Amino acid sequence: MRASVLPDARLARHAGRFVWLSIDTENARNAGFLARYPVDTWPTFLVLAPRDGKPVLRWLGSATAAQLGELLESARRSLAPRPGERRAEALLARADRANADGRLQEGIAGYREALKRGGVRWAARARAVMSLVLALAAAGELEACATTARREALQLGRGASFASVVGMGLSCANAVPDAPWRARALAALEPLAREAVGVSGLLADDRAGLYEALVEARAARGDDEGARRTAESWWSFLERERGRPASAEARASLDSWRVGAAIALGDPARALPALEASQRDLPRDYNPPARRAYVLRELGRLPEARAAAEQALAKAYGPRKLKVYQLAASIQEKQGDRPALAATLEEAIEYANGLPAPQRDEKVASALRAKSGAIQGQ
Amino acid sequence: MAAGTGPRVIEDDWPRAVAEAQAKDLPLFVDAWAPW
């Protein structure tokens, strides 16, 4: 986002209307911010009121420059409502505040009311629909997320917002393997997602996310051949993106999708050339060696996987480093190297204990402690 | 994508951003991201 969306000319008019802050949630310097504004989705955008820091708007996930511009406009209106403003806009602003403040049910009710008041031709309809579907997903109301996405998407123009809404809906349906409503939701959303993946003007990250959701949906419907074909299309898209002129950071930003697509194709080795290139281009970034370690482990090339994991550990920082420790431990376990495994787990637990509380992932820390205990008990 | 004059972004310094937002009476836009 920082590299691709914020410099977009369409946001230039907002430059002097806000103070702009970038927060790396892995950086220990930002523990205080995270204690007040916890973040569990990346990226998360927040707009905070100038005097008391109260959240006015919270947006989970990426946004195109046009979508972000619309969000910023909404936030400004919310902070300085104009006399005679339409009722629907006022309801949307109120829902945004509730949602940003974690009062999800109030936000959901508010978005529904705003949509009802705004009507089908309301200029802010697509934005309000996205906010509603995101809030439903965040609240764990996955059936409502999927059905709302489907119903509303049918009325949206075929642009980035349509693709976002459909992608969110399909992800909600994919997330619940045993739900009785899932098959119906997948059948309704999948054709829309196939349409969405071809919409122009999407962020590459969002298009890749749509492909992943489509592969999962095919697999969930028992169509392994269809899933494979979709994964091939996903891979072709990622290869085309790799061939575009872009910064090393922009190219590497799609690496996790490359790994996902290669794994979905049952051919993890496909991802290695891109990961090796990213490691060469970005020597200080722990992600390329961590991803290489994962792929090499899947390929059973354990000594190379272990070396890559060690490279990643030497560069990793913050809460995510615990995941790299877990990866290194899993490789050592496959190698049957118990002393190394025990030492890695011990080091990981010590590292976890030293993280600031708002940045400590207790679930991962507990898993590391449980694993260490199990090893010692053997 | 059209490149333009992007905003001046404060990196990883919440107290400074809050002070600036209060001094200028401007809302604070936060991009919370992670390096993966």
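Domain bounds here come from an automatic or database domain assignment. Keep that in mind as you start the tour, because the first stops follow those bounds.

**Before you click**

The model is predicted, so local features need pLDDT of at least 70 and side-chain atom pairs count only at pLDDT 80 or more, while totals for chains, interfaces and linings use all residues. Residues are numbered from 1 along each chain as its sequence is written, and chains are lettered from A and ligands numbered from 1 in the order in which they are written.

**Stop 1: all of chain A**

Select chain A and colour it by secondary structure. You should find 18 helices and three strands; helices (H or I, at least four residues) and strands (E, at least two) are DSSP runs, numbered from the N terminus. Along its principal axes, the C-alpha trace spans about 70 × 50 × 45 Å. Of the 378 residues in chain A, 48% are buried, meaning that 20 or more other C-beta atoms, placed from the backbone, lie within 10 Å of a residue's own (12 or fewer is exposed, in between is partly exposed).

**Stop 2: the domains**

Now colour 1–139 as domain 1, 140–267 as domain 2 and 283–378 as domain 3 of chain A. The centres of domain 1 and domain 2 of chain A, taken over C-alpha atoms, are 24 Å apart. Where they touch, domain 1 of chain A gives 17 residues and domain 2 of chain A gives 24; a contact means C-beta atoms, placed from the backbone, within 7 Å. On the domain 1 side, helix H2 (65–79) and helix H5 (125–138) of chain A each give two or more residues. H5(A) has the largest share of that side, with nine residues.

**Stop 3: the nonpolar core**

Which residues touch the most other members of the largest nonpolar core? Select Val133(A) and Val166(A), which do so in a core of 124 residues. Such a core is a set of buried Ala, Val, Leu, Ile, Met, Phe, Trp, Tyr and Cys residues joined through C-beta atoms within 7 Å. H5(A) gives the most to this core, with 10 residues. Show what surrounds Val133(A): leaving out residues up to four places away in sequence, its contacts include Cys145(A), Val165(A) and Met168(A). In soluble globular proteins, nonpolar side chains tend to be buried together.

**Stop 4: chain B**

Switch to chain B, where the pattern along the sequence is β-α-β. Of its 36 residues, 25% are buried. The contact between the chains takes 31 residues from chain B and 44 from chain A. On the chain B side, strand S1 (9–11), helix H1 (14–24) and strand S2 (28–33) each supply at least two residues, and H1(B) has the largest share, seven residues.

Next, select strand S1 (residues 19–24) of chain A together with S2(B): they run parallel and are joined by six bridges, where pairing takes at least two bridges found by DSSP. One bridge partner to pick out in S2(B) is Ala32(B), opposite Ile23(A).

**Stop 5: Leu275(A)**

Finish at helix H13 (residues 272–281) of chain A, which holds Leu275(A). Is Leu275(A) buried or exposed? Leu275(A) counts as buried because it has 25 C-beta neighbours inside 10 Å. Its contacts, leaving aside neighbours within four places in sequence, include Asp255(A), Pro288(A) and Arg291(A). Try the distance tool on Leu275(A) and Arg291(A): they are 16 residues apart in sequence and 7.1 Å apart in space, C-alpha to C-alpha.

How values were computed
Two residues are in contact if their C-beta atoms, placed from the backbone, lie within 7 Å.
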